[in-house]
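Biologist: I would like to learn how to read the contacts, the rings and the sulfur link in a model like this one. Could you take me through them, giving the general idea before each case?

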Amino acid sequence: MEYVMNLYKKAAIQMLCILSLYLAACTPVDVPKTAAISGRVYFDLDNSSSCEKEPGIADMPIRLYVGVCGENMLETRYTDENGEFVFTDLAPGDYCVIPDFEDKTCGYAGNFPTTAISRHVTLESGTKADLVWFGFGDLSGNPDN
């Protein structure tokens with residue numbers, strides 16, 4: 001009988017060990033959300049893809065995706081009066097940023113991107129990524145726009 005009790009004790013101890021390992025593995029770990037992404041959208045008046053002395057585009061929706069562009073949208077921010085935007089309180093990881101220029105005509109006819117339309121960013125904890133700026137110009141050929 002004592003032999004059987006010892007087997008039960010050993011089995012119980014093993015089950016407790018397995019349960020404690022399972023619980024430790026399932027306990028969520030809070031990842032500090034201290035990273036940020038910022039950038040600017042500008043109207044490329046001379047279609048040069050250069051942003052020097054170019055005016056910002058206000059109220060442009062900027063979409064932030066986790067991982068691949070176009071999938072798993074995290075949030076949308078709008079550019080300020082200078083065309084600037086910032087996403088804060090982000091966890092470390094891979095992100096994609098895309099201005100939604102189809103949603104906003106920016107008040108200019110023939111408005112098209114003059115720079116790459118998306119930016120991929122990998123953030124470390126506590127870092128801030130300043131993106132290469134997004135440019136949009138009038139490529140319609142109409143000098144009045």
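Modeller: Let us begin with contact, which means heavy atoms within 4.5 Å. Before we apply it, note that this is a predicted model, in which local features need pLDDT of at least 70 and side-chain atom pairs count only at pLDDT 80 or more, while totals for chains, interfaces and linings use all residues. Residues are numbered from 1 along each chain as its sequence is written, and side-chain values use heavy atoms, with hydrogens and water left out.

Biologist: Which residues does Leu-123 touch, not counting residues up to four places away in sequence?

Modeller: Leu-123 touches Ala-35, Ala-36, Ile-37, Leu-90, Ala-91, Pro-92, Gly-93, Tyr-95 and Ala-129 under that restriction. For the chain, 62% of the contacts between residues at least 6 apart in sequence join residues at least 24 apart.

Biologist: How many helices and strands does the secondary structure of the chain come to?

Modeller: Helices (H or I, at least four residues) and strands (E, at least two) are DSSP runs, numbered from the N terminus. Here there are 1 helix and 9 strands, and along the sequence they follow the pattern α-β-β-β-β-β-β-β-β-β.

Biologist: How do I read strand pairing, and which way do E2 and E3 run?

Modeller: Two strands pair if DSSP finds at least two bridges between them. Strand E2 (residues 61-66) and strand E3 (residues 73-78) are joined by 5 bridges and run antiparallel, with Leu-64 having Glu-75 in E3 as its bridge partner. Their hairpin has 6 residues between the strands, and Gly-67 takes a positive phi near 80° in it.

Biologist: Which residues other than glycine have a positive phi?

Modeller: Two examples are Asp-59, with phi near 60°, and Asp-89, with phi of about 55°. For their surroundings we need accessibility: buried means under 20% relative accessible area, exposed over 50%, and partly exposed in between, using a 1.4 Å probe and protein chains only. Asp-59, in the loop between E1 and E2, is partly exposed at 49%, whereas Asp-89, in strand E4, is exposed at 55%.

Biologist: Where is Ser-38 found, and is it buried or exposed?

Modeller: Ser-38 is found in strand E1 and counts as buried, with 8% relative accessibility. Leaving aside neighbours within four places in sequence, Ser-38 is in contact with Phe-85, Val-86, Lys-128, Ala-129, Asp-130 and Leu-131. In the chain of 145 residues, buried residues make up 30%.

Biologist: Which residues touch the most other members of the largest nonpolar core?

Modeller: A nonpolar core is a set of buried Ala, Val, Leu, Ile, Met, Phe, Trp, Tyr and Cys residues joined through side-chain atoms within 4.5 Å. The largest one has 20 residues, of which Ile-37, Val-41, Phe-85, Phe-87, Leu-90, Val-97 and Leu-123 touch the most other members. Two or more residues each come from strand E1 (35-43), E2, E4, strand E5 (93-99), strand E7 (119-123) and E9, and E1 gives the most, with 4 residues.

Biologist: How many aromatic pairs does the structure hold?

Modeller: Rings of Phe, Tyr and Trp (its six-membered ring) pair if their centres lie within 6.5 Å; planes under 30 degrees apart count as stacked, over 60 as edge-to-face and the rest as tilted. The structure holds 2 such pairs. Phe-85 and Phe-87 are edge-to-face, at 6.0 Å centre to centre and 65° between the planes, and both residues are buried. Phe-85 and Phe-134 have ring centres 6.4 Å apart and planes at 35°, so their pair is tilted. Since Phe-85 lies in strand E4 (residues 84-90) and Phe-134 in strand E9 (residues 134-138), this pair ties together parts that are 49 residues apart in sequence. Phe-85, Phe-87 and Phe-134 form one aromatic cluster.

Biologist: Which residue lies over the face of Phe-134?

Modeller: A charge sits over a ring if NZ of Lys or CZ of Arg is within 6 Å of the ring centre and within 35 degrees of the ring normal. Here Arg-119 lies over the face of Phe-134, at 4.3 Å from the ring centre.

Biologist: Which residues does the disulfide join?

Modeller: A disulfide is a covalent bond between the sulfur atoms of two cysteines, and the criterion used is a pair of cysteine sulfur atoms within 2.5 Å. By this rule the count is 1, joining Cys-69 to Cys-96 with an S to S distance of 1.5 Å. The link is right-handed, with 75° about the S-S bond. Cys-69, in the loop between E2 and E3, and Cys-96, in strand E5, are 27 residues apart, and the pair links distant parts of the chain. Cys-69 is partly exposed at 22% relative accessible area, while Cys-96 is buried at 0%.
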